[in-house]
Amino acid sequence: MKYITKLLIITVLISCVLLSGCTQTSENSTDSPTVGDNRIQKLVIGTTNKVEDTNMNDYSFGLFSSRLTHRALVTIGANGDIVPDLATSWDTSDLKTWTFHMVGNATWHDGKPLTAQDVRFTMDYQKKNNPTWKSVFAGLLSVEAPDNQTVIMTLDKPGFNFLINLATCRVLPEHIYKNVEDPKKFNTPDAWIGTGPYVLKSFDKATGLLHYEIYDQYWGQSPAIDQIDIRYFANTDTMMLAFQKGEIDVPYAYATGYSPYYVPKLLDNENIGIMTQKNGGITSVLWFNENKTYFDSKTFRQAVSYAIDYEEMKNIFTSGYGSIPDAGFVPQSTLYYKETRPLAYDVNKSKDLLDAAGFKDTNGDGFREAPDGKKFQPVLLIRSDKVEHVRAAEMLKKYMNAVGIDVQLKIMDRSSFGDILDFEKTHEMALARTTYAGMQTGSGYGSSYIDQRIYGWSMVNDSKFQTIVDQLMTTIDSEKRRDLAGQLQDYYADEMPAITVYNMDIIQPYNKNYVGWVYNPSSGILNYDTLFGLHKA
Amino acid sequence: MSLAKGRARFFAGKALRYGITLVIILSINFAIPRAMPGDPMINLLGEDAVRVDRQMLDELRAQYGLDRPIQDQYIEYMLGAGRLDFGYSIHKNLKVTELIYDRFFWTLVLIFPSIAIGGLLALVLGAIAGFRQGSKVDRLLTGVSIFMYSCPSFLFAMVIVTIFSFHLGWFPLGNISSGRTQGFAYLLDIGYHLFLPVAILSAFEAAYIFLIVRNSITQIMGEYFIFVAKAKGLSARVIELRHVMRNVLPQFISIMALNFGFMVSGALIIEIVFSLNGMGTLIYDSVMSRDYPVLQGAFVFLTIFVLAANFLADVLYGITDPRIGDSMNTGKMI
């Protein structure tokens, strides 16, 4: 038996040594050779976004395609402005009819020229096949292409933020897609053809590895990186280990940064830099459904706002990488941000407001009854996969209990949560984040989340609010827009249809051996400014 | 009753039992995903769900046939299951069978060596501990085994990765391969990438089965027939190998067969730590996104796999235990 045990141990050790030595050299990208002066031969991007299939309807594949291989008419610049992409310029006189003038020398990856017909085709094709487009562009009456470089789009009513929606729409080649009946199942290399500076060369399904190379016939300025690998990790912890080891140059996630818990370790590494950006979305918002009894009370909502200890929330959940928000709801980085009443923690004021609204403890059990005398146990919905929201909800329960509100937490899976918040609208309160893109849609300033006519997480149906929102949609003049944006933030601060519980800055680590990293509020660190400007330090 | 008839009757009886079990499980597979709260279409749309209205959601539902009466969906599902055709994944837009074949293959590549190595280790170490009950070796092995068994697999796997992949750099941090090799180098690359996950799964498998083997041996060593064997003057090695180990085998086979089923879906944590594309993550993702076709297909495959493993265990019982073998020949069910 001893002999067998020894044999077994020796066999395992030998296999271990052999396997660890016989393959794979480290892919330490910090040592990767560069060509030319400062050009980068290969950039390795780590991600937890898994590409299942190389068709444009695959969420993650669509995400990377929109960053590397496909371009839109317009795009969102690093400072949040709309900037030219395939359209060099555009004009509108009434916000209803939009005329776009396109670049003249752009080609698809198969060499065929890009024309205005491709744009017209894309809008029609996607409206037919993509439910999100159908919904977002429901007001787009027509798309015309009078010549190869001009596109005219007509809306049913003025829409100032039309360009924001257009910035997310990548143009597809008509000569390829016109024969594709079901784009969800179209995954051959033809499906990858775009007008962007990179071409997808291979996709290894077993590992999820995407390999891109520069498009040598690219019509614009040549990007600064020759090859890009996108490497999949199933969990962030392992990805961060790979990053510290130099196997990847940058971790990438859409519309979010990385936990501050990783920061101390990353700061110890001399090859790693960390940038922090003000978040254009909001990490954690407490939503009130104003369509529900008791939650339609402004005094009640204000009382809840005074019950929360924002300083404690900021310290616990952002580790210093966040800020105490204003009552005006929108993030400080928003265009025409207006300073409104700072959110304050004042238990006595909260109790006074609850008393004033008629919420009193009539049976002496320590919790307040509703103004009509009924037991009052408001339900707060949270998504189970948002671990930090679950923890934050526990804190909110503590704060609300302290002022006598017997809040009940209901933790739901992503699907059920979405069903209630997006469609059923049966929630009373909910904790959820907003994204930068979501904050811009509709009339902007997060109004889509508030407005009953759009997303309606707060189900606000107030004519005062809707008037401001509608005016924002149809106003071009900057000063007037500034004034309307201020009015909207004042409305939020007064009515409190939603409370920003805490907002964390975007923490984005990167390889310090390369310089020229640019953070974009919409697409994050993986954007054209980075791709065209990154170079060896 | 002739020997052949008896055996045929035994197998027919078993086949009938397995057939009925399969139909019941298939029906449960159909019902469970639909009984869960949540809408697959909302998951399909992801963050965009907020931008889509109810009418478009209904149109999408109709596209995937989810608006049809439940009995129609059930009949189509059962017919599809008969042909191993489960249609297309709602979330991944891929044919379910291709998705499962792909994932199942990598799961088997991960699971087979883990179960074989883990089982062998458990048998050897369990025997060492069982035959030396109360010794230092027994205490050490039992202690290590209980520690392993009670250790959270995610924590254990992350500690191993941090030491062997991150600090020592002996192994990669994940994935099934580097994605850049071909031919024999590709196979070596896979072996290199799978070494740590297989080692961890083997260790967990061994820790679990070790306790069963060790306890069985301890129990059997106190049986009367062992006393008789000793009284006959048989050597310790003969008693251990011929009398004790043979009696341990039926339980060992039974637990191995059960573990095949559990490990196919239970390697989820290892798949997540090492970024491997297996059945564990496929099922997990499908549950989270309410991807009915994939869930149904995956469960049917697992059902067939577990039933086949159990059937194999039944047959192996007959070989290892003559009493069961006799009942197979006479057609008497045990």
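**Close-up views of chain B and its contacts**

Read along the sequence, the predicted chain B runs α-α-α-α-α-α-α-α-α-α-α-α-α-α. This is a predicted model: local features need pLDDT of at least 70, side-chain atom pairs count only at pLDDT 80 or more, and totals for chains, interfaces and linings use all residues. Residues are numbered from 1 along each chain as its sequence is written, with chains lettered from A and ligands numbered from 1 in the order in which they are written.

**View 1. Chain B has 14 helices and zero strands.** Helices (H or I, at least four residues) and strands (E, at least two) are DSSP runs, numbered from the N terminus. The C-alpha trace of chain B spans about 85 × 65 × 40 Å along its principal axes. Of its 334 residues, 39% count as buried (20 or more other C-beta atoms within 10 Å of the residue's own, with C-beta atoms placed from the backbone). Take the contacts in chain B between residues at least 6 apart in sequence: 72% join residues at least 24 apart. A contact needs C-beta atoms, placed from the backbone, within 7 Å.

**View 2. Domain 1 (3–82) of chain B meets domain 2 (100–329).** The bounds come from an automatic or database domain assignment. Taken over C-alpha atoms, the two domain centres are 30 Å apart. On the domain 1 side, 21 residues are in contact with 14 residues of domain 2. α1 (3–35), α2 (40–45) and α4 (70–82) of chain B each supply at least two residues of that domain 1 side. The largest share, 14 residues, comes from α1(B). By class, the domain 1 side has twelve nonpolar, five polar and four charged residues. Ala, Val, Leu, Ile, Met, Phe, Trp, Tyr, Cys and Pro count as nonpolar, Asp, Glu, Lys and Arg as charged, and the others, Gly among them, as polar.

**View 3. Helices α5 (residues 96–131) and α6 (residues 136–150) of chain B cross at roughly 135°.** Their axes come within 8 Å. Axes are lines fitted to C-alpha atoms, for helices over the stretch in contact, and angles run from 0 to 180 degrees between N-to-C directions. α5(B) and α6(B) are therefore oblique to each other (angles under 35 degrees count as roughly parallel, over 145 as roughly antiparallel, 65 to 115 as roughly perpendicular and the rest as oblique). B:Leu125, B:Ile128 and B:Ala129 of α5(B) pack the contact with B:Val137, B:Asp138, B:Leu141 and B:Thr142 of α6(B).

**View 4. Chain A touches chain B.** The contact takes 47 residues from chain A and 53 from chain B.

Definitions and conventions: A residue is buried if 20 or more other C-beta atoms lie within 10 Å of its own, exposed if 12 or fewer, and partly exposed in between; C-beta atoms are placed from the backbone. Two residues are in contact if their C-beta atoms, placed from the backbone, lie within 7 Å.
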